Amino acid sequence: MDLIVLKNVKKQYKTGVVAIHDLSLNIKKGDFVFVIGSTGCGKSTLIKMLYREEKPTKGKIIVGGLDVAKLRNSKVYKLRRKIGVVFQDFKLLNKSTVYENVAFALEVLGLPKDEIHDKVIKALDLVGLKHKAKNYPNQLSGGEQQRVAIARAIVNGPKLLICDEPTGNLDENTSMEIMDVLEAINKLGTTIIMVTHDTFIVDTLKKRTILLDSGRILKDYEKGTYSNESIKNTK
Amino acid sequence: MKALRILSRNIRDSFKSVFRNFSLSLASISCITITLIVVAISIILTLNVNRFTELVEKDVTIIAFLDLKVTDEDRQLILEELNKLDNIEKIEFESKTKIAEDMMASSEKFKNIMSNWSEGESPIQDTYQIKVKDINKIGSTAKKIGKIEHVDIVKYGEGMVEQLVSVFDIIRKVSLLAVVALIIVTAFLIINTIKITIFSRRREIEIMRLVGASNINIKIPFVIEGLILGILGSIIPIILTIYGYTALYDKFGGRLFTNFIELIQPTPFVFYVSLILLIIGMVVGMFGSLRAVRKYLKI
């Protein structure tokens with residue numbers, strides 16, 4: 001079953017720049033998908049539309065049964081509660097502890113304290129940071145901070161995890177640690193879409209890889225890698 | 001139950017964030033404190049000026065001099081006529097004997113002259129001293145009194161009273177306008193300070209939206225925070241109002257410069273002013289936060 005359906009989606013910014021041209025795409029539940037392409041190819045715009053940071057100019061976007069294009073500003077939270085988002089710059093609250101950062105995503109849902117506690121500890125355990133629950137983000141390394149961000153994104157048990165260059169700020173070893181965490185989450189049934197520039201990660205993990213170029217899907221590989229000839233040529 | 005949980009968390013978080021962002025909170029609180037002190041001073045001044053003008057206006061009296069041949073019966077009829085007029089607050093009768101006695105008692109010279117007058121020679125007339133309800137209508141009331149039989153002359157300081165009334169009217173309007181303008185300026189100042197506070201926390205708002213907080217869920221903690229800042233900011237102005245004004249009142253013995261200017265009694269006056277300050281602080285704090293947050297909710 002498809003978790004994400006994009007049909008003839010076009011995105012044109014107010015400046016007149018067309019970031020996405022007539023793009024159609026289906027992503028199945030439980031998939032792990034890389035989105036790659038050169039800078040300015042539209043990959044950021046594509047995933048921003050998935051969590052409704054941007055609205056498509058034309059076309060249809062369905063995420064987990066919600067018609068994202070028709071979602072009003074005041075209802076965006078309904079979508080956000082179904083998905084988790086992880087960014088290159090972590091976006092953590094520096095004045096809150098690790099525990100509070102993760103718990104925050106559940107507090108807005110109004111869950112009881114005990115339930116929040118159980119879920120937060122479970123999520124922190126999954127990313128291997130249970131012992132740092134009382135630390136503040138600036139007391140952690142970059143990789144650890146990203147793992148906190150991942151814990152926050154998955155604590156609510158989302159169907160979809162969107163990752164916008166989650167390893168962009170991290171070294172190779174730390175990046176692979178993050179990928180291990182993401183793979184573990186994927187194995188638990190969460191669909192993951194990840195935008196990346198990291199050739200090593202794409203080469204190693206051999207997942208479905210969508211190559212974008214000038215706002216269009218150039219290639220869609222079942223188990224694509226950067227070492228594939230055609231991808232290299234477009235770089 | 002769920003809504004209650006969210007609300008109690010919001011209140012907890014608001015308190016936390018006031019202290020976690022202490023330097024910014026302090027900036028907002030100081031701004032509120034300073035501007036509210038200025039507002040307090042201007043409110044106290046304005047209300048005292050207003051009261052002074054009212055007291056002076058209340059003191060204005062119409063004196064109706066009755067003709068010399070007036071009898072007790074006539075006087076009774078005049079009083080009945082006066083009571084029929086609608087703008088009358090208070091009527092007092094002063095007989096010519098009483099006036100003569102007062103005058104003789106006040107000066108030796110008067111005594112020498114007046115004690116030689118024989119019966120019927122005295123030029124002093126019986127008078128009615130009349131206070132009016134509405135000073136703006138004093139002229140027409142005086143005219144009506146003048147038309148009553150046996151009323152000889154009517155005096156109320158014509159010309160001067162009208163001028164006084166119009167000057168006082170201007171003073172009241174200008175001072176009220178100044179207070180309103182000051183409150184508006186205060187509101188803008190406070191709102192801008194809070195805007196800066198929230199601007200530095202737009203990332204927090206972004207994250208709140210990201211993890212699925214609804215707009216109302218995002219607004220509430222900031223609004224409560226604004227309320228807390230408003231209350232904290234009004235503490236010093238309120239203390240200054242209550243203790244400062246009372247001390248000032250005691251020091252001057254309730255009168256300023258001359259006996260003529262009487263200050264408003266501190267109780268319950270200072271509490272009313274404090275309440276006004278608290279309400280301004282709370283409303284402006286909440287409204288300022290709400291406005292500032294809304295800016296970051298449009299995505």
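Mentor: Helices here are DSSP runs of H or I with at least four residues, strands are runs of E with at least two, and both are numbered from the N terminus. The model we're looking at is predicted. Fire away.

Trainee: OK, where is Lys91(A) placed?
Mentor: Strand β6 of chain A covers 83-87, and helix α3 covers 98-107. Residue 91 falls in neither run, so under the DSSP rule Lys91(A) isn't in either element. Its place is the loop between β6 and α3 of chain A.

Trainee: Is Lys91(A) buried or exposed?
Mentor: The cut-off for buried is under 20% relative accessible area. Lys91(A) comes out at 10%, so it counts as buried.

Trainee: And what is odd about the backbone of Lys91(A)?
Mentor: Most residues other than glycine have a negative phi. Lys91(A) isn't a glycine, yet its phi is positive, near 50°.

Trainee: Which residue does Lys91(A) form a salt bridge with?
Mentor: Side chains of opposite charge can pair when their charged atoms come close. Here the closest N and O atoms are 3.1 Å apart. The pair crosses between chains, and the far end sits in helix α8 (residues 202-210) of chain B. That partner is partly exposed at 29% relative accessible area, and its name is Glu206(B).

Trainee: How many salt bridges does the rule find across the interface of chain B and chain A?
Mentor: A search of the whole structure gives 23 salt bridges over all chains. The pair of Glu206(B) and Lys91(A) runs from one chain to the other. Across the interface of chain B and chain A, the count is three.

Trainee: How much area do chain B and chain A bury between them?
Mentor: The contact takes 23 residues from chain B and 30 residues from chain A. On the chain B side, Arg20(B), Leu210(B) and Val211(B) lose the most area, together 27% of what that side buries. Carbon and sulfur atoms carry 49% of the total, which is about 2,400 Å².

Trainee: Switching to chain B's surface, which element gives the largest share of the nonpolar patch?
Mentor: The patch is made of Leu7(B), Ile11(B), Phe15(B), Phe19(B), Phe22(B) and Leu26(B), with about 550 Å² of accessible area together. Two helices of chain B give two or more residues each: α1 (2-20) and α2 (22-59). Phe15(B), partly exposed at 42%, is one of the members. The largest share, four residues, comes from α1(B).

Trainee: How far apart are the centres of domain 1 and domain 2 of chain B?
Mentor: Domain 1 is made of two stretches, 2-56 and 163-295, while domain 2 spans 61-156. Taken over C-alpha atoms, the separation of their centres is 52 Å.

Trainee: Why are Glu81(B) and Lys84(B) separated by about one helical turn?
Mentor: Their side chains meet in a salt bridge at 3.4 Å, N to O. Glu81(B) is partly exposed at 35%, whereas Lys84(B) is exposed at 65%. As for the spacing, they're about one turn apart because they sit three residues apart in helix α3 (residues 72-84) of chain B.

Trainee: Which helix holds both Asp169(B) and Lys173(B)?
Mentor: These two also meet in a salt bridge, at 3.3 Å, N to O. They're four residues apart, about one turn of the helix. Asp169(B) is partly exposed at 31% and Lys173(B) is exposed at 56%. The helix is chain B's α7 (residues 160-199).

Trainee: Back in chain A, how many of the eight residues of helix α1 are buried?
Mentor: Helix α1 (residues 43-50) of chain A is mostly covered. Among the buried ones are Leu46(A), Ile47(A) and Leu50(A). The count is six.

Trainee: Is Val63(A) buried or exposed?
Mentor: Val63(A) lies in strand β4 (residues 58-63) of chain A. Beyond its sequence neighbours within four places, its contacts include Leu50(A), Leu79(A) and Leu160(A). Its relative accessibility is 2%, so Val63(A) counts as buried.

Trainee: Last one: which peptide bond is cis, with omega near 0°?
Mentor: Most peptide bonds are trans. The exception here leads into Pro268(B), which has its place in helix α10 (residues 266-295) of chain B. The cis bond runs from Thr267(B) to Pro268(B).

Key:
Residues are numbered from 1 along each chain as its sequence is written. Chains are lettered from A and ligands numbered from 1 in the order in which they are written. This is a predicted model: local features need pLDDT of at least 70, side-chain atom pairs count only at pLDDT 80 or more; totals for chains, interfaces and linings use all residues. Side-chain values use heavy atoms; hydrogens and water are left out. Domain bounds come from an automatic or database domain assignment. Patches are made of residues with over 30% relative accessible area and no salt bridge: like charges are joined within 9 Å, nonpolar side chains (Val, Leu, Ile, Met, Phe, Trp, Tyr) within 5 Å. Accessible areas come from the Shrake-Rupley method with a 1.4 Å probe; for residues, only the protein chains shown count as cover. A salt bridge is a side-chain nitrogen of Lys or Arg within 4 Å of a carboxyl oxygen of Asp or Glu. Buried means under 20% relative accessible area, exposed over 50%, partly exposed in between (1.4 Å probe, protein chains only). Contact means heavy atoms within 4.5 Å. Buried area is the accessible area (1.4 Å probe) that two parts lose on being put together, summed over both.
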